[in-house]
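Thanks, everyone. I'll take a few minutes on one model, starting with its charged pairs and ending with a single residue.

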Amino acid sequence: MFGSTVRGTAVAAVFLAGFAVSCDAEPATPAAAPAASSAAASASATAAPSASSPPGSSTPGPAAPAASGGPGASALPGSPPEKVRDAFAGLQATLDGSCTPSECAYFLGRVYDELHGLDAAMKADPKGPGHFPEPIALIAKLDAELGGDRSFKNLKAHQTLLIGTRDKINTWMQGHPDDYR
């Protein structure tokens, strides 16, 4: 019974991923489409069992689930990085979110993912990483504090720094509208 449920979920994820790819503005190459479906199915299959530890738990929880729109969610290997304006829009989409008990792991994981997507976009931008010194430095400082640990427990412990980094970068970007319009 359990095997058929997992298989059915995987088939549904592949179908939905194929549908989403077919609705994309840019047509996928025939070789890339199966890879996208497989990646989506793999991400879907691994996202379900990675529930976080209960709040207040003393045991370290698994990594916070990856956000659905975050960096690398739909990017294929070898594809160009996201544009700064698109990455910044993803970060801005987190501004109205909050760390409610039922969504805290998702929210903090999404903020983390969006910050790192923006970092990658800024470093790959034709203007060069030197054009975005403050946001890149803020993300580097955040990474140093997190020590490579993306678990929900660690993100929750550094929630103020994580959200503060997001807010400082949002303010910096608002002062540089030519970089995201």
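The side chains of Arg-150 and Asp-113 form a salt bridge, with N and O 2.9 Å apart. Keep in mind that this is a predicted model, and every distance I give is computed from it.

Where do Arg-150 and Asp-113 sit in the chain? Arg-150 is in the loop between α5 and α6, while Asp-113 belongs to helix α4. The two are 37 residues apart, and the pair links distant parts of the chain. Are these two residues buried or exposed? Arg-150 has a relative accessible area of 16%, so it counts as buried, the cut-off being under 20%. Asp-113 is buried as well, at 10%.

The count of salt bridges comes to four, and I'll go through two more. In one of them, the side chains of Lys-123 and Asp-119 meet at 3.1 Å, N to O. Both residues are in helix α4, and because they are four residues apart, about one helical turn separates them. Their accessibilities fall in separate classes: Lys-123 is partly exposed at 45% relative accessibility, whereas Asp-119 is buried at 9%.

The other is between Arg-166 and Asp-167, where the closest N and O atoms are 2.9 Å apart. Here the arginine is the buried partner: Arg-166 has a relative accessible area of 5%. Asp-167, at 31%, counts as partly exposed.

Now the covalent link. A search of the whole structure finds one disulfide. It joins Cys-99 and Cys-104, with the sulfur atoms 1.4 Å apart. Cys-104 is buried, at 5% relative accessibility.

Next, the nonpolar side. In soluble globular proteins, nonpolar side chains tend to be buried together. In this model the largest nonpolar core has 29 residues. Which of them touch the most other members? They are Leu-108, Leu-115, Leu-118, Leu-162, Ile-169 and Met-173. Helices α3, α4, α5, α6 and α7 each supply at least two residues of this core. Helix α4 gives the most, with 10 residues.

Take Leu-162 from that list. Setting aside its neighbours within four places in sequence, Leu-162 is in contact with Leu-108, Val-111, Tyr-112, Leu-115, Leu-142 and Leu-155.

Helix α3 runs over residues 84–92, and its buried residues are Val-84, Ala-87, Phe-88, Gly-90 and Leu-91. How are they placed around the axis? They cover an arc of only 155°, so they are on the same side of α3. What do they pack against? The buried residues of α3 pack against α4, residues 104–124, and α7, residues 159–174.

Last, the single residue. Ala-157 is in helix α6, which covers residues 152–157. Is Ala-157 buried or exposed? Its relative accessibility is 62%, so it counts as exposed, the cut-off for that being over 50%. Leu-146 is 11 residues from Ala-157 in sequence, and their C-alpha atoms are 9.2 Å apart.

To recap: one salt bridge, Arg-150 to Asp-113, links distant parts of the chain. The largest nonpolar core takes at least two residues from each of α3, α4, α5, α6 and α7. The buried residues of α3 pack against α4 and α7. That's all I have.

Notes. Residues numbered from 1 in each chain as written. Predicted model: local features only at pLDDT ≥ 70, side-chain atom pairs only at ≥ 80, totals over all residues. Heavy atoms only, no water. Buried < 20%, exposed > 50% of the residue type's maximum accessible area, 1.4 Å probe, protein only. Arc of directions from axis to C-beta. Contact = heavy atoms within 4.5 Å. Core = buried A, V, L, I, M, F, W, Y, C linked by side-chain atoms within 4.5 Å. Disulfide = S-S within 2.5 Å.
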